[in-house]
Amino acid sequence: FRSRVLPGRVGRRGGRRLATVAVGVSGGVDSSVAALLLKRQGHDVVGVHMSNWDHAEEGTDGECAEREREDARRVCERLGIGFHAVSFVREYWSDVFEPFVAGIARGATLNPDVACNRHIKFDRFTAHALALGADWAATGHYARVAHSEAGGSALLTAVDADKDQTYFLAAVPQASLRRSLFPLGELRKREVRALAAAAELHTAGKRESMGICFVGKRRFRDFIRSYLPPQRPGPLVCVESGRVLGTHQGVSLYTHGQRARVGGLGGRWYVAEKCLETDTLFMCEGAAHPALLTHTLEVGEAAWISGSPPGQLDSRASPSALACSARVRHRAPAIPCSVAATEPPPPPQYTARFATPVNIAVGQTVALYDGCRCLGGAQVIARGPSLHEQGKEAG
């Protein structure tokens, strides 16, 4: 892939063709510097602040959201670029939050950040940016994009491996990626903060937001309980001995691999398996317990960055296994794996086999890579036998 020159409609300056770029400004340092860099390159830049959650309707304090909006506005004012606010509250509710809650209710753990990028930031926002007259939509994600002269675009990992966010971008549609820019892809976080400080942006030292945006400072369990069907208490059962260890307050309030306190017992206990039919949580002691780990996953709902599966997985030909690497969470190391189509299609589903065992919940995203190129992502629909189960069978 070779980057092409940015097209634009605002003429030439210094012999370089310029573009109109809409930048998603969140009120944080990353999006602030993304806007700064594009402005310095001479492009016609406008900042767009997205609101995705209605705190007033929920009856919660929206002070944090208002502060983020004001920070974004102040950055745009400092840079001398336009500021535009847009609400995607309804779209976020229907495309991200409702599927997230439905997944939890059926025992899965979906990643709302992956869904938000696919349906909001790289669908609704991109369309909104183009409707405003922009040629490109930019964000402060740590990732790179290579636009080929033939028209396709590739998603590449960021130079700063610790901040790389391609895991969260693994389901971005090709049509939106072709119109996307990631100005921070070649920078490290410390360089981004230094640029913000040198430009006297007030966001230079701002702390990063952590966790799920719509939960805020609330305990997740307290938050999600109000959106789920009534939860029933049930037993906590040791996966090894079958002994009842205690009682939980609802299966859907826990996810695979989550640490859970077991009253009266020492050690660190984790959820190894959930049974919704009997309201049972099977527990194991230790974060590296074999009951948490598996070599195989069944995945479906795959989103391929190129718009279609790699040639090895094309069901129209003679499909074979795809050798690649995979991440099962943000900042996790890429693990060698093979991916093969599950017979019979449709819908397209795949079996992923990992060289080293992984710990991941049903509903989570597996991001696939070929070197530094992100191929796409898929949701886990079933875990293969755990190492504990395989050991029992062998015994």
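Here is a short chat about salt bridges, burial and strand pairing in this predicted model.

Colleague: Why is the contact between Lys 189 and Asp 30 called a salt bridge?

Modeller: The N to O distance is 2.9 Å, and the cut-off is 4 Å between a side-chain nitrogen of Lys or Arg and a carboxyl oxygen of Asp or Glu, so the pair qualifies.

Colleague: What makes Lys 189 count as buried or exposed?

Modeller: Buried means under 20% relative accessible area. Lys 189 has 11%, so Lys 189 counts as buried. Asp 30, at 16%, counts as buried too.

Colleague: And which parts does that pair tie together?

Modeller: Lys 189 lies in helix 7 and Asp 30 in helix 1, so the salt bridge ties together parts that are 159 residues apart in sequence. Both residues also belong to a network of salt bridges with Lys 163 and Glu 208.

Colleague: Why is Arg 73 called partly exposed?

Modeller: Arg 73 has a relative accessible area of 28%, and partly exposed covers what lies between the 20% and 50% cut-offs, so the label fits. Its salt bridge partner Glu 70, at 33%, is partly exposed as well. The two sit three residues apart in helix 3, about one helical turn.

Colleague: How do you know that strand 15 and strand 16 pair?

Modeller: Pairing needs at least two bridges. Five bridges join these antiparallel strands, so they pair. One of the partnerships is Leu 322 with Val 339 in strand 16.

Colleague: What about strand 16 and strand 17?

Modeller: Those pair over five bridges, again antiparallel, with Ala 340 partnered by Thr 351 in strand 17.

Definitions and conventions: Residues numbered from 1 in each chain as written. Predicted model: local features only at pLDDT ≥ 70, side-chain atom pairs only at ≥ 80, totals over all residues. Heavy atoms only, no water. Helix = DSSP H or I, 4+ residues; strand = E, 2+ residues; numbered from the N terminus. Buried < 20%, exposed > 50% of the residue type's maximum accessible area, 1.4 Å probe, protein only.
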